[in-house]
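Okay everyone, thanks for having me. I'd like to walk you through one structure today, so have a look at the screen and follow along.

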Amino acid sequence: MSVRKTETIPQWKREEVDELVDFIESFESVGVVGVAGIPSRQLQAMRRELHGSADLRMSRNTLTVRALEEVDEGVEQLTQYVAGQVALIGTNDNPFGLFQELEASKTPAPINAGEVAPNDVVIPEGDTGVDPGPFVGELQTVGANARIMEGSIKVTEDSKVLEEGEVVSDDLANVLTELGIEPKEVGLDLKGVFSEGVLFEPDELAIDVDEYAADIQSAAAAARNLSVNAEYPTDRTAGTLLAKAAGNAKSVGLFAEIESPDVVPDLVGKADAQLRALAAQIDDDEALPEELQGVDAAPAPETETAETTEEEQADEEEDAEEADDDADDDGDDGGEGLGEMFG
């Protein structure tokens, strides 16, 4: 008769899992970052730089997985990234801001023999600063176009010595070290982050913030133009529509010569211009009143039409933007929300 054995979890593991659960539940966004290849001193420096915006928590992968599964609520999806040397990262910032912060914190580092190149490795054209000697042969061995010129070893053109994904040889590692070339970046590599019920991966977070903001501004402008052209009043377009209507009404008043207080000055100016134009057509000055003798035709006053020019529309949009800014200062935090989205 076989005896069934029950797994006994050591107390320290149980306490560690409980601490990991508390860590996960204390942040709005939780992710998994790769820490492989980061020297201990540099890792500690990164933790200090993140202080106040994000926290790191390292533990055994099996315990990290157990904690994620205990929390559940969707965060257990992060278990797929718990492999190799990883750590949990927690923040109350949004995932986009976290990704940008981690990318900005990465620093160049030398690459060792046996490592896989994260990108193409290129030895740039120029003077190496190394005196003539065996090093020129080492450069040529790894594929660099190098020669001795003017008492120094020079690379005659940019030389790609390794393709992305290839393994670094001992010879190449030594050459790159001698030249001070650091072809890789060291930093916390975000694998995935869970926030507000959504799992984000790095390619979804790597967006151009300036381009995204420009797209939003363009869409907002297009929506506003549509509202104005369709004469659909909103709190953002009512002022423009009223100004446009006032311009149209004034144009009708001028055309119909309605003696309205708002139109009379323009009617007088229009009549004066017409009179001067007529006087300019008469060659005999003696046939004209003294005040009209020798006058040139005045340009006809510009009348406002129903259609606004591009410059007028730009001025109206600028006025509307200033009004929007005033409204934002009175409590509209939409702009701040967009800023917070991108850190």
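Let's begin with K184: is this lysine buried or exposed? Its relative accessible area is 12%, and the cut-off for buried is under 20%, so K184 counts as buried. One thing to keep in mind as I talk is that this is a predicted model.

So, does a buried lysine have a partner? Side chains of opposite charge can pair when their charged atoms come close. Here K184 makes a salt bridge with E115, and the closest N and O atoms are 2.8 Å apart. K184 sits in strand β10, while E115 is in the loop between β4 (107-109) and β5 (121-123), so this pair ties together parts that are 69 residues apart in sequence. E115 has a relative accessibility of 24%, so that end of the bridge counts as partly exposed.

Stay with β10 for a moment, because there's a pocket here to look at. The second largest pocket holds about 320 Å³ of space. Its lining is made of 19 residues, and the ones closest to the centre are G34, A36, E185, G187 and D189. Which strands supply at least two residues each to that lining? Those are β10 (184-186) and β11 (189-195), and β10 gives the most, with three residues. If you sort the lining by class, you get nine nonpolar, four polar and six charged residues.

You just heard D189 named as one of the residues closest to the pocket centre. D189 also has a salt bridge, with the side chain of K191, at 3.4 Å from N to O. Are these two buried or partly exposed? K191 has a relative accessible area of 31%, so K191 is partly exposed. D189 comes in at 33%, so D189 counts as partly exposed too.

Now over to the helices. D266 and K250 meet through their side chains in a salt bridge, 2.9 Å from N to O. This pair links distant parts of the chain, with D266 in helix α10 (residues 264-280) and K250 in helix α9 (residues 238-256), 16 residues apart. For D266 the relative accessibility is 26%, which means partly exposed, and K250 is partly exposed as well, at 24%. There's also a little group to point out: R14, D18 and E70 are joined into one network by salt bridges that share partners. How many salt bridges are there in total? The count comes to 11.

Next up is E16, in helix α1 (residues 11-25). Its relative accessibility is 15%, so this glutamate counts as buried. And what does E16 touch, if you leave aside its neighbours within four places in sequence? E16 is in contact with R57, M58, S59 and L63.

Let me finish by zooming out. The protein chain has 12 helices and 12 strands. There are 343 residues, and 31% of them count as buried; K184 and E16 are both examples of buried residues. If you take the contacts with a separation of 6 or more, residues 24 or more positions apart account for 73% of them. As for the outside, the accessible surface comes to about 21700 Å², and 48% of that belongs to carbon and sulfur atoms.

That's my tour, thanks for listening!

Notes. Residues are numbered from 1 along each chain as its sequence is written. This is a predicted model: local features need pLDDT of at least 70, side-chain atom pairs count only at pLDDT 80 or more; totals for chains, interfaces and linings use all residues. Side-chain values use heavy atoms; hydrogens and water are left out. Helices (H or I, at least four residues) and strands (E, at least two) are DSSP runs, numbered from the N terminus. Buried means under 20% relative accessible area, exposed over 50%, partly exposed in between (1.4 Å probe, protein chains only). Contact means heavy atoms within 4.5 Å. On a 1 Å grid over the protein atoms alone, a cavity is a set of points where a 1.4 Å probe fits but cannot get out, and a pocket is an open set with protein on both sides within 12 Å along at least five of seven lines; lining residues have an atom within 4 Å of a point. Grid points are joined across faces, edges and corners, and a volume is the space filled by probe spheres set on the points. Ala, Val, Leu, Ile, Met, Phe, Trp, Tyr, Cys and Pro count as nonpolar, Asp, Glu, Lys and Arg as charged, and the others, Gly among them, as polar. Accessible areas come from the Shrake-Rupley method with a 1.4 Å probe; for residues, only the protein chains shown count as cover. A salt bridge is a side-chain nitrogen of Lys or Arg within 4 Å of a carboxyl oxygen of Asp or Glu.
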